[in-house]
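Hi there,

Here is the structure I promised to pass on to you. Have a look at it first, and my notes on what turned up follow below.

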Amino acid sequence: MKNIYKILCLLLLACSISSCENWFDVTAKSELKGDDMLSNRTGYRDALIGCYATMAGTNLYGSQLTMTYMDVLGQYYSTAKTALNNFAYAANYDYSNLTEEARKDGIWKDMYNVIANTNNILDHIDGDKGLFMEGEYEVIKGEALAIRAYMHLDLLRLFAKSPSMTDGLQAKAIPYVDHFTNQIYPQLTVEQVLDRILTDLTAAQSLLKDVDPYGPKHSQYDLDALSGLLKGREYRLNYYAVTALKARALLYRGKTEDLNNAGLCAKEVIESGLFPLVTSADIQSSDDNGFVSENIFALESKELKDNVAEKYFYVTSNNYNFLAANKSTINKVFPTTLDMDYRLKWWIENTGSYYILSKYNTSKRIPLLKVSEMYLILAETSATESDRETWLNQLLYHRGLPNESLEGVDFKARLLQEYAKEFIGEGQLFYAYKRLNSSKSPVSNAVVANPEAVYVLPLPSDNTYFQ
C-alpha cells in the first residue's frame with residue numbers, strides 16, 4: 001500500500017463527484033443542491049435519515065457488517081468454507097483474494113461515504129440554528145456526531161490493530177475525517193482515533209441529555225406517543241445508545257480508567273429501565289424473535305427477508321452461498337447440556353444436516369447496540385469475582401439458563417463463549433476476539449499463529465478504487 005493520505009483525499013473527492021447515494025446526491029455540479037437540501041429543518045431531518053438508510057444497506061449493517069461477512073469472519077458458518085461459496089476466501093481470512101479485496105474496500109468506501117454525509121450536516125448546522133424548533137438542533141447534531149463516531153469505531157476495529165496488540169495504541173490506524181472537504185487527512189494512531197471517537201460521543205451526550213425522550217428525562221415523556229423528529233428513537237442513536245457506544249469504545253481502548261468508566265456507562269443504560277432483558281413470556285408472545293425490548297439502537301430494513309434472509313439463510317440444492325452451521329459447530333456455540341437457551345430456541349433453526357439463522361426471517365430490525373452487551377461489559381469490568389457472577393448470572397437467567405460460579409474459571413474464555421451465543425447474526429464476535437487479542441480463532445478455537453494477519457484487515461491499496 002502506498003499513501004493512505006492520497007486514498008482519503010481521492011475517496012472524499014469521489015464522494016463529492018459521484019451520485020453514489022440516491023438520497024443525497026452531492027456531486028461537483030450539485031453541491032448547491034446539497035446546500036439547498038439543508039436550507040430548512042425538514043432537509044436536515046431527511047439528510048440524517050439518509051445516513052441511517054445508507055447504514056442499513058446490504059453493503060454495511062444490512063448484511064456485510066452483521067449477519068454475513070462479519071459472522072463469516074467470526075467462524076459461525078461451516079458452509080462458508082465450501083469452494084463455491086461467495087465467502088470461501090473470507091472464511092479462511094484470505095484478504096488478498098480479489099473478491100475479498102473488493103469486498104473490504106467497498107465497505108471502507110461506503111463507511112467513509114456515510115461519514116462524509118454526516119460531516120456535511122455538521123459543517124452547516126451551527127450556522128442554521130435559527131431554523132429549528134426547540135430541541136431539534138441538539139437532537140440532529142448529537143445524532144450526527146454519534147453516527148460519525150460509530151462509523152469510525154468500526155473502521156478502526158476492522159482496519160487497525162487493537163489496543164491489546166503489541167504497541168497497539170501507538171500503531172498507525174485510519175484517518176478521522178471530521179469535515180466535508182477534499183483536504184488530505186493524516187493517518188492517526190489507534191489511540192488518537194479513539195480519543196476523537198470519545199470526544200464526539202461526549203459532545204453527543206451533552207447535546208442529547210436534556211432533550212432526548214430516550215435520555216435521563218424519559219419519565220417526562222409519553223414514549224408511546226412521540227411524534228415528528230422524536231418518533232422512533234429506538235432506530236436512532238439516542239442518548240442511551242450514545243452512552244452504550246461510549247461504553248463499547250472505552251472497553252476497546254482498555255486503559256485502567258477506561259474499564260471503570262465503561263462500567264459506569266453500561267450501568268447508566270441498564271438503570272434507565274428502558275431496555276429490560278426479555279422473559280420467556282416476552283419472546284413467546286411477540287417481537288419476531290428479535291428480543292426487541294433489549295435493543296438500545298437498531299436499524300430497520302424492510303428488505304431484510306428478501307435481500308438477505310432468503311438469499312443466505314435458506315438451504316436449497318442450487319444455492320451455493322447459503323450460510324449455515326453444521327452440528328459440530330453449533331454444539332461449540334450452544335453445548336447440548338444447555339439446549340434450553342432461549343437464543344438457540346428462537347434464533348436458530350435445524351434443517352436436518354444444518355443449523356441456520358432464523359432471527360431475521362420475519363424481523364426487520366438489525367440490532368447494533370443491545371442491553372445484554374452492557375451486562376457483559378459490567379461483568380468484564382467488575383473488580384471482584386462476586387460482582388462478575390452477579391452481572392453474568394442476571395443475563396443467564398434471562399436466557400433460560402442456571403446460575404454459574406466463576407471460581408477457577410478462565411473468565412476471558414467464558415466471556416467469549418457468551419459473546420458467541422449473544423451476538424450470533426450481529427457481527428460482534430470477531431471484534432470481541434480481536435479486542436482480547438485471542439490466540440485462538442472464534443468458535444473453532446483453532447490456534448492463530450499470527451493474530452494480526454487474521455484480525456487486522458489490510459488498508460485499501462492505491463488502485464482499489466482509482467485507476
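Let me start with helix α15, which spans residues 371–381 and is mostly covered, with 11 of its 11 residues buried. If you want to pick them out in your viewer, they run from Val-371, Ser-372, Glu-373 and Met-374 through Tyr-375, Leu-376, Ile-377 and Leu-378 to Ala-379, Glu-380 and Thr-381. Do keep in mind that this is a predicted model.

For the wider picture, the chain has 19 helices and four strands. Of its 467 residues, 58% count as buried. Among contacts in the chain with a separation of 6 or more, 70% come from residues 24 or more positions apart.

Now the strands. Strand β1 (residues 295–300) is mostly covered too, as five of its six residues are buried. Its partner is strand β4 (residues 365–370): five bridges join the two, and they run antiparallel. One pairing to look up is Leu-299, whose bridge partner in β4 is Ile-366.

Two helix pairs are also worth a look.

The first pair is α7 (residues 136–159) with α8 (residues 190–208), packed at an angle of about 160° with their axes 8 Å apart. Angles over 145 degrees count as roughly antiparallel, so that is how α7 and α8 lie to each other. The crossing of α7 past α8 is left-handed. On the α7 side, the residues that meet α8 are Tyr-137, Glu-138, Val-139, Lys-141, Gly-142, Leu-145, Ala-146, Arg-148, Ala-149, His-152, Leu-153 and Leu-156. They face Val-190, Val-193, Leu-194, Ile-197, Asp-200, Leu-201, Ala-203, Ala-204, Leu-207 and Leu-208 in α8. Sorted by class, this contact of α7 with α8 holds 16 nonpolar, two polar and four charged residues.

The second pair is α9 (residues 239–253) with α10 (residues 256–271), at an angle of about 155° and with axes 8 Å apart. By that angle, α9 and α10 are therefore roughly antiparallel to each other as well. They cross in a left-handed sense. From α9, the contact draws on Tyr-239, Tyr-240, Thr-243, Ala-244, Lys-246, Ala-247, Leu-250, Leu-251 and Arg-253. From α10 come Asp-258, Leu-259, Asn-261, Ala-262, Cys-265, Ala-266, Glu-268 and Val-269. The class count for α9 with α10 is 11 nonpolar, two polar and four charged residues.

That is what I have for now. Happy browsing, and best wishes!

Technical notes
Residues numbered from 1 in each chain as written. Predicted model: local features only at pLDDT ≥ 70, side-chain atom pairs only at ≥ 80, totals over all residues. Heavy atoms only, no water. Buried < 20%, exposed > 50% of the residue type's maximum accessible area, 1.4 Å probe, protein only. Pairing = 2+ DSSP bridges. Axes fitted to C-alpha atoms, helices over the stretch in contact; angles between N-to-C directions. Parallel < 35°, antiparallel > 145°, perpendicular 65-115°, else oblique. Left-handed = near helix turned anticlockwise from the far one by under 90°. Contact = heavy atoms within 4.5 Å. Nonpolar A, V, L, I, M, F, W, Y, C, P; charged D, E, K, R; others polar.
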